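Open the model in your viewer and keep the selection box handy. We'll go stop by stop, with something to pick at each one.

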Amino acid sequence: MPSFDVKLDPNLVEVRNAVDQTSKEIGTRFDFKGTSAAIEFKDKDKEITVLGDAEFQLDQVREVLTNKMAKRSVDVRFLDIGKPEKMGGDKVKQTIKVKAGIESELAKKIVKQLKDSKMKVTASIQGDVVRVQGTKRDDLQAAIALIKKDITEAPLSYDNFRD
């Protein structure tokens, strides 16, 4: 039976490269000289930590990061930006999570959308992946088109297309 998987899978290598380039740019830019502006990426937690003297500086570092990610063709919708937190002294910290895997709410929304469309496909949630099965390849391609059109809050990818 033909099937495919709907995933939310960022390219962590490109995310790391974008963070490294942002860190280099922070070190060379004149407006960041003498400040505590910094950025780091933790692979195992899939978290980016941004440090700065003020929230305005965090915004500037985040803007540099989003520009670097765009140049490396990493979708910014993978980023889940947290609230700025006060640290000791005048320092401010912000944690940005890199989303990987479809959350249950989004998975339920995809399954409901496919059921409501009356297409001849079945969708099932398998962990952090949604598997869509159908009898015809054309039905699966129509399902992909429907999901792409209606789900815009996450950069979904479609893998394991099998006949």
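What follows is a short walk from the whole chain down to single residues.

**Stop 1: the whole thing**

Before you click on anything, bear in mind that this is a predicted model. Show the C-alpha trace and turn it around: along its principal axes it spans about 65 × 25 × 25 Å. How does the radius of gyration compare with that of a compact globule of 163 residues? The globule would come in near 15 Å, but this protein has 20 Å.

Now switch to cartoon. You should find 4 helices and 9 strands, and if you trace them along the sequence the pattern reads β-α-β-β-α-β-β-β-α-β-β-α-β. Colour by burial, and 37% of the 163 residues count as buried. Put a surface on, and about 9,500 Å² is exposed, with carbon and sulfur atoms supplying 48% of that. As for contacts with a separation of 6 or more, 61% of them link residues 24 or more positions apart.

**Stop 2: helix α4**

Select residues 137-150. That's α4, 14 residues reaching 20 Å from first C-alpha to last, close to the 20 Å expected at 1.5 Å a residue. Show side chains for L140, A143, I144, L146 and I147, the buried residues of this helix. Look down the axis of α4: these buried residues fall within an arc of 165°, so they line one face of the helix.

Which exposed residues sit on the face of α4 turned away from its buried side? Pick D138, K148 and K149 to see them.

Next, bring up what the buried residues of α4 pack against: β1 (3-7), α3 (104-116), β7 (121-126), β8 (129-134) and β9 (157-162). One of those partners, α3, is where we go now.

**Stop 3: helix α3**

Select 104-116. With 13 residues, α3 reaches 18 Å between its first and last C-alpha, close to the 18 Å expected at 1.5 Å a residue. Its buried residues are L106, A107, I110, V111, Q113 and L114. They cover an arc of only 160° around the axis, which puts them on the same side of α3.

Flip to the face turned away from that buried side and you'll meet the exposed residues E105, K108, K112, K115 and D116. What covers the buried residues of α3 includes β1, β7, β8 and α4. Before leaving, click on K118: this residue follows α3 and has a positive phi, near 65°.

**Stop 4: T22 and M69, in two other helices**

Go to T22, in helix α1 (residues 12-28). Is T22 buried or exposed? Its relative accessibility is 0%, so T22 counts as buried. Beyond residues up to four places away in sequence, T22 touches I39, V61, V64, L65 and K68.

Then pick M69 in helix α2 (residues 55-71). M69 is buried as well, with a relative accessible area of 0%. Leaving aside neighbours within four places in sequence, select V15, A18, V74 and L79 to see what M69 is in contact with. For a sense of scale, draw a distance from the C-alpha of M69 to that of A123: these two are 54 residues apart along the chain and separated by 32 Å.

**Stop 5: A38 and E47, in two strands**

Select A38, in strand β2 (residues 38-42). A38 is partly exposed, with a relative accessible area of 28%. Its contacts, leaving aside neighbours within four places in sequence, are I26, T49, V50 and L51. Draw another C-alpha to C-alpha distance, this time from A38 to S23: they are 15 residues apart in sequence and 6.5 Å apart in space.

Last pick: E47, in strand β3 (residues 47-52). E47 is buried, at 15% relative accessible area. What does the side chain of E47 join through a polar contact? Show K97, and you'll find its side chain at 2.8 Å. For the wider surroundings, not counting residues up to four places away in sequence, E47 touches E40, F41, K42, T95, I96 and K97.

Note on methods:
Residues are numbered from 1 along each chain as its sequence is written. This is a predicted model: local features need pLDDT of at least 70, side-chain atom pairs count only at pLDDT 80 or more; totals for chains, interfaces and linings use all residues. Side-chain values use heavy atoms; hydrogens and water are left out. The expected span of a helix is 1.5 Å times one less than its number of residues. Buried means under 20% relative accessible area, exposed over 50%, partly exposed in between (1.4 Å probe, protein chains only). The arc is that of the directions from the helix axis to the C-beta atoms. Contact means heavy atoms within 4.5 Å. The radius of gyration is taken over C-alpha atoms; the globule rule is 2.2 Å times the number of residues to the power 0.38. Accessible areas come from the Shrake-Rupley method with a 1.4 Å probe; for residues, only the protein chains shown count as cover. A polar contact is a pair of N or O atoms within 3.5 Å; within protein, one must be able to donate a hydrogen and the other to accept it, and residues adjacent in sequence count only if both atoms are side-chain atoms.
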